[in-house]
Amino acid sequence: MTANIPRSSPGFSSRPGADEAGAPPFVCLPPSRRFAGPETAVGCLATDDLPAMRILVVEDERQLARHITRALERHGHSLRTEHDGALGLQSALDEPPDLVVLDLNLPSLDGLAVLAQLRSANSPARVLILTARGEVDDRVKGLKAGADDYLAKPFSVDELIARVEALGRRGATATAADLLKVSDLQMDVHHRRVSRSGRPIALSPRELDVLQVLMQEPGRVFSRTELCERVWQRQHEYDTRTVEIFITRLRKKVDTGFPTPLIHTLRTVGYTIRPP
Ligand code: CA
């Protein structure tokens, strides 16, 4: 049902200040809902010398979607928006963004279903989910379903920017050409690919980050806090429960189906990866 448009397709463009200049608001884009134009922001730098990202916002509260979009555009990112789950999924598959800001409660297809389908299609996009206040379980459900991070409503613009750019930073820094190997598990750090016994393993960007930290020092035990600090960097972005969820996800993908597990938990101490 998708057109398989290459990742480099210039569908996004940055329009900083477009609203101030009297341009149509975000919801009044051409029928294709794509940003066309020469001023694509791919390759530009956003704040803090971070690469500008192509961001898809899927949020049915139009005012909030506009608010998020404007804030991210002001930070140099390229934005696209959808107000419906099915359209958001289609958009993310047709023209893969670097990051999806995904509301969970959406018309036609809820956010968790969108996320599940993105992950089963091996979408490389990082996903930041927006959860309503009081829906504590949604955070856990979202992370288990493959989200890279979450933000609880109501949130401040500063918080949103910090989360988005932390996700961008992780993508931007993991570029050292390197091949990590633990037993039959391999990670091509440069291309962000993982395989075990030659069989490719699809991981979300955050899962890759956690696995990379472990694989860089096989046999070393990382406490939950240290793992958090290495991967999330900013203290407000994690709690140790988050790490446990990521380790569970990694175990399922890396160890299930193989006779010897590589990821080990040392009760009350932390986690390690080591050859059998
Ligand atoms: Ca909603």
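**Close-up views of a predicted model**

**View 1. The buried residues of helix H2 and their packing partners.** In this predicted model, helix H2 spans residues 85–94, and within this helix Gly85, Gly88, Leu89, Ser91 and Ala92 are buried. These residues lie on the same side of H2, because they cover an arc of only 165° around the axis. Residues three or four places apart in an α-helix point the same way, since there are 3.6 residues a turn. The buried residues of H2 pack against three strands, E1 (54–58), E2 (78–82) and E3 (99–103), and also against helix H3 (111–120).

**View 2. The open antiparallel sheet E6-E7-E8-E9.** Four strands form an open sheet in the order E6-E7-E8-E9, and their pairing is antiparallel. Strand E6 (179–182) and strand E9 (199–201) are the edge strands, each of which pairs on one side only. On average, and with direction ignored, neighbouring strands of this sheet are turned by 25° against each other.

**View 3. The pairing of E8 with E9, and helix H6 on the sheet.** Strand E8, residues 193–196, pairs with E9 in the antiparallel sense over 3 bridges, and valine 194 has isoleucine 201 of E9 as its bridge partner. Helix H6 (residues 205–216) packs on the sheet, where it touches E6, strand E7 (185–188) and E8, and the direction of H6 makes about 70° with that of E6.

**View 4. Confidence along the chain.** The pLDDT of the chain averages 78, and 75% of the residues score at least 70. Over residues 1–11 the pLDDT is below 50, and this stretch has 12 contacts in the model beyond near neighbours in sequence. The pLDDT is also below 50 over residues 172–177, a stretch with 8 contacts beyond near neighbours in sequence.

Terms used
Residues are numbered from 1 along each chain as its sequence is written. This is a predicted model: local features need pLDDT of at least 70, side-chain atom pairs count only at pLDDT 80 or more; totals for chains, interfaces and linings use all residues. pLDDT is the predictor's confidence in each residue, from 0 to 100. Two residues are in contact if their C-beta atoms, placed from the backbone, lie within 7 Å. A residue is buried if 20 or more other C-beta atoms lie within 10 Å of its own, exposed if 12 or fewer, and partly exposed in between; C-beta atoms are placed from the backbone. Helices (H or I, at least four residues) and strands (E, at least two) are DSSP runs, numbered from the N terminus. The arc is that of the directions from the helix axis to the C-beta atoms. Two strands pair if DSSP finds at least two bridges between them. Axes are lines fitted to C-alpha atoms, for helices over the stretch in contact, and angles run from 0 to 180 degrees between N-to-C directions.
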